[in-house]
Amino acid sequence: MFTNLSSLSGRTVLVLHAHPDDEAIFTGVTMRRLADAGARVVLVTATLGELGEVHVPLAPGETMAQRRVAELESAAALLGVQRLVLLGARDSGLPGAADNVHPDALAAADPGRVARRVAALIEEESAEALVHDDGRGIYGHPDHLAAHRIGAAAARLTGVAAYQSTVDRDHLHDRVTRSHLIHAAAEATGLPFGVPSADVALRISGSAAEVNVKRAAIAVHASQVSPESLGHAGFDEAYGYEWYQRSGGPAILDELVAPAAVPA
Ligand SMILES: [Zn+2]
């Protein structure tokens with residue numbers, strides 16, 4: 001798909017997300033490009049997303065968590081994930097919900113304890129980088145804030161390169177009017193989302209093929225995402241870019257962005 005890359009074979013990136021569907025929405029192009037370049041992509045999803053909205057009927061006896069894990073497995077396969085790890089915490093719901101303090105909620109978990117689990121995975125996989133949520137929890141959802149705290153702590157424990165997944169607020173304001181899922185998500189939390197363009201350290205721009213895979217990976221989360229929210233003409237402008245902040249210097253994700261060709 002993306003041909004201007006040196007091979008990343010033998011190298012591993014661990015990607016930590018709060019819910020099933022975040023991997024596709026926020027880092028789908030990045031994961032697919034890593035996989036296409038030969039890197040091993042390990043996806044760690046912290047909750048089962050059991051408090052998500054239900055857009056489709058469940059089968060008799062089926063739970064929301066079962067449906068969401070099945071969707072996650074399909075998305076992970078599309079994105080080239082070689083190992084999927086579920087941490088099994090409970091979805092914490094929106095800010096202020098009683099679910100925030102449920103004993104099994106991710107938001108109520110000791111971040112140090114969960115970070116040690118993530119750090120153990122990083123070491124077991126010899127991963128060189130960790131992707132996790134930005135300090136704002138992208139749009140302020142309690143599980144995304146928890147994923148930030150856990151990811152930042154795991155990166156400190158292991159010393160790997162850390163990339164914080166975010167969205168470019170200016171881009172989404174100026175060029176994408178209310179057609180990204182983040183707009184509705186941020187409305188639900190009542191909080192601002194993302195960071196200004198100037199605070200983005202790395203922008204990965206998807207090829208047409210990568211964006212098509214990303215769209216397919218989001219679409220398999222059919223319990224959460226309606227077909228109408230993906231079928232619009234502005235999809236590429238909304239989802240064709242992925243944005244990161246870094247706590248250290250350039251590392252493996254920066255290698256995914258081909259330098260401009262030097263004229264002979
Ligand atoms: Zn989420």
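## A salt bridge across the chain

Let's start with a pair of side chains: aspartate 21 and arginine 68 meet in a salt bridge, with 3.2 Å from N to O. The two partners come from distant parts of the chain, 47 residues apart. Aspartate 21 sits in the loop between β1 (12-17) and α1 (22-36), while arginine 68 belongs to helix α2 (residues 64-78). Are these two residues buried or exposed? Both aspartate 21 and arginine 68 are buried. Please keep in mind that you are looking at a predicted model.

## The overall fold

Stepping back, the protein chain is built from nine helices and seven strands. Its radius of gyration is 17 Å, close to the 18 Å that the globule rule gives for 264 residues, so the chain is as compact as a globular protein of that length. Along the principal axes, the C-alpha trace spans about 60 × 45 × 35 Å.

How much of the chain is buried? Buried residues account for 54% of the 264 residues. If you take the contacts between residues at least 6 apart in sequence, 82% of them join residues at least 24 apart. On the outside, the chain exposes about 10800 Å², and carbon and sulfur atoms supply 53% of that area.

## Charges and other salt bridges

The protein chain carries 21 positive and 32 negative charges, and the mean positions of the two sets are 3 Å apart. Across the whole structure, a search finds 13 salt bridges. Some of the charged residues are joined up further: Arg40, Arg83, Glu124 and Glu125 are linked in a network of salt bridges.

Another pair is formed by arginine 67 and glutamate 62, whose side chains meet in a salt bridge at 3.0 Å, N to O. Arginine 67 has a relative accessible area of 18%, under the 20% cut-off, so this residue counts as buried. Glutamate 62, at 23%, is partly exposed.

Further along, the side chains of aspartate 236 and arginine 215 also meet in a salt bridge, here at 3.6 Å, N to O. Aspartate 236 lies in helix α9 (residues 235-239) and arginine 215 in helix α8 (residues 208-219), so the pair ties together parts that are 21 residues apart in sequence. Both ends of this bridge fall in the partly exposed class: the relative accessible area is 44% for aspartate 236 and 25% for arginine 215.

## A buried glutamate without a partner

Helix α2 also holds glutamate 71, a residue worth a look in your viewer. Which side chain of opposite charge is nearest to glutamate 71, and how far away is it? The answer is arginine 67, at 4.5 Å. A salt bridge needs a nitrogen within 4 Å of a carboxyl oxygen, and glutamate 71, though buried, has none.

What does glutamate 71 touch, leaving aside its neighbours within four places in sequence? Its contacts are Val220, His221, Ala222 and Ser223.

## An exposed serine in a loop

For a contrasting spot, turn to serine 126, in the loop between α3 (111-125) and β4 (129-133). With a relative accessible area of 59%, over the 50% cut-off, serine 126 counts as exposed. How far is serine 126 from glycine 140 in space? The two are 14 residues apart in sequence, and their C-alpha atoms are 31 Å apart.

Notes: Residues numbered from 1 in each chain as written. Predicted model: local features only at pLDDT ≥ 70, side-chain atom pairs only at ≥ 80, totals over all residues. Heavy atoms only, no water. Helix = DSSP H or I, 4+ residues; strand = E, 2+ residues; numbered from the N terminus. Rg over C-alpha atoms; globule rule 2.2 N^0.38 Å. Buried < 20%, exposed > 50% of the residue type's maximum accessible area, 1.4 Å probe, protein only. Contact = heavy atoms within 4.5 Å. Areas by Shrake-Rupley, 256 points an atom, 1.4 Å probe, with all protein chains shown as cover. Lys, Arg positive; Asp, Glu negative; His and termini not counted. Charge placed at Lys NZ, Arg CZ, Asp CG, Glu CD.
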